[in-house]
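The exercises below are to be worked with the sequence and the coordinates at hand. Each task is followed by a solution in steps.

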Amino acid sequence: FISKGAFEPSISPDGGTVLFAAPGPMGVDLYSVPAVGGLAAPLGPLPGDETAPEWSPLGSHIAYFAEGEGAVAVHTISVADGEDRVLYRPGPADAALLPDHGRAWSPDGAFIVVTVRSRSGAAGLRIVGVAEGRVVGEAAGLEGPAWLGAGASLVANRSVGEGIVSLTIHGDGLHEVVSGEAWLARPVGGP
């Protein structure tokens, strides 16, 4: 298939469906098409301009950014019933979501981590529980997250040139495990 103007493709975990964003009748919309070809069908109607669709690891949900009401929010769509819900909208302390600085599903699909910019200009992470639909952890001064292992730990960038940090999620929030020079000095597979 070829879709003129399409961008940000995401392939379903089973390899059967491609999601993408493209200019549509109501702005930028999300579409799906069989990976083997066919006609693209819109997902929705959905709110505002939608971008960056991403399948959950098990293929049960689709996360995307929606711009509407003057802000960008993270939404999820249930593949089973098409239910669309706002998963995360920046709070009063956050100036904006930073879609180009990272959003990622945990490997088990239980969490999505997003990067935000605070009103002071600093980047930070928000870990959102998908089932709860609320922030379950926050980390200031970090961006560009990536999950490790089964989804209880992640790594992220500190401010430019200040290294990376490894974090783990516990019931009471995020905890820094190791960072910077100490991490780089440890042997692979070492303690």
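**Exercise 1.** Does Ala52 count as buried or exposed, and at what relative accessibility?

Solution. The model is a predicted one.
Step 1: locate the residue; Ala52 lies in strand β5.
Step 2: take the relative accessibility, which is 15% for Ala52.
Step 3: apply the cut-off, under which buried means under 20% relative accessible area. Ala52 therefore counts as buried.
Step 4: check the backbone. Phi of Ala52 is near 55°, a positive value in a residue other than glycine.

**Exercise 2.** Carry out the analysis for Glu8: find its strand, its phi and its exposure class.

Solution.
Step 1: Glu8 sits in strand β1, which covers residues 7-11.
Step 2: its phi is near 55°, and this positive value again belongs to a residue other than glycine.
Step 3: the relative accessibility of Glu8 is 33%. Partly exposed is the class between under 20% and over 50%, so Glu8 counts as partly exposed.

**Exercise 3.** Determine the strand order of the open sheet of four strands, and explain why β5 and β8 each have one side without a neighbour in the sheet.

Solution.
Step 1: the order is β5-β6-β7-β8, and the pairing is antiparallel.
Step 2: β5 (49-55) and β8 (84-88) are at the edges; each has a single partner strand, and therefore one side of each lacks a neighbour in the sheet.
Step 3: for the twist, neighbouring strands of this sheet are turned by 30° against each other on average, with direction ignored.
Step 4: recall how such strands are held together. Strands of a sheet pair through backbone hydrogen bonds, in a parallel or an antiparallel way.
Step 5: examine one pair. β7 (residues 71-78) and β8 are joined over four bridges in the antiparallel sense. In the register of the strands, His75 stands opposite Val86 in β8.

**Exercise 4.** Describe the surroundings of Asp49: which residues is it in contact with, leaving aside neighbours within four places in sequence?

Solution.
Step 1: Asp49 belongs to strand β5. Its relative accessibility is 30%, so Asp49 counts as partly exposed.
Step 2: with those neighbours left aside, the contacts of Asp49 are Met26, Gly27, Val28, Phe65, Ala66 and Glu67.
Step 3: look at Val28 in detail. The Asp49 side chain reaches the backbone nitrogen of Val28 at 2.9 Å.
Step 4: compare sequence and space for another residue. Asp49 and Val72 are 23 residues apart in sequence, and their C-alpha atoms are 9.1 Å apart.

Definitions and conventions. Residues are numbered from 1 along each chain as its sequence is written. This is a predicted model: local features need pLDDT of at least 70, side-chain atom pairs count only at pLDDT 80 or more; totals for chains, interfaces and linings use all residues. Side-chain values use heavy atoms; hydrogens and water are left out. Two strands pair if DSSP finds at least two bridges between them. Helices (H or I, at least four residues) and strands (E, at least two) are DSSP runs, numbered from the N terminus. Axes are lines fitted to C-alpha atoms, for helices over the stretch in contact, and angles run from 0 to 180 degrees between N-to-C directions. Buried means under 20% relative accessible area, exposed over 50%, partly exposed in between (1.4 Å probe, protein chains only). Contact means heavy atoms within 4.5 Å. A polar contact is a pair of N or O atoms within 3.5 Å; within protein, one must be able to donate a hydrogen and the other to accept it, and residues adjacent in sequence count only if both atoms are side-chain atoms.
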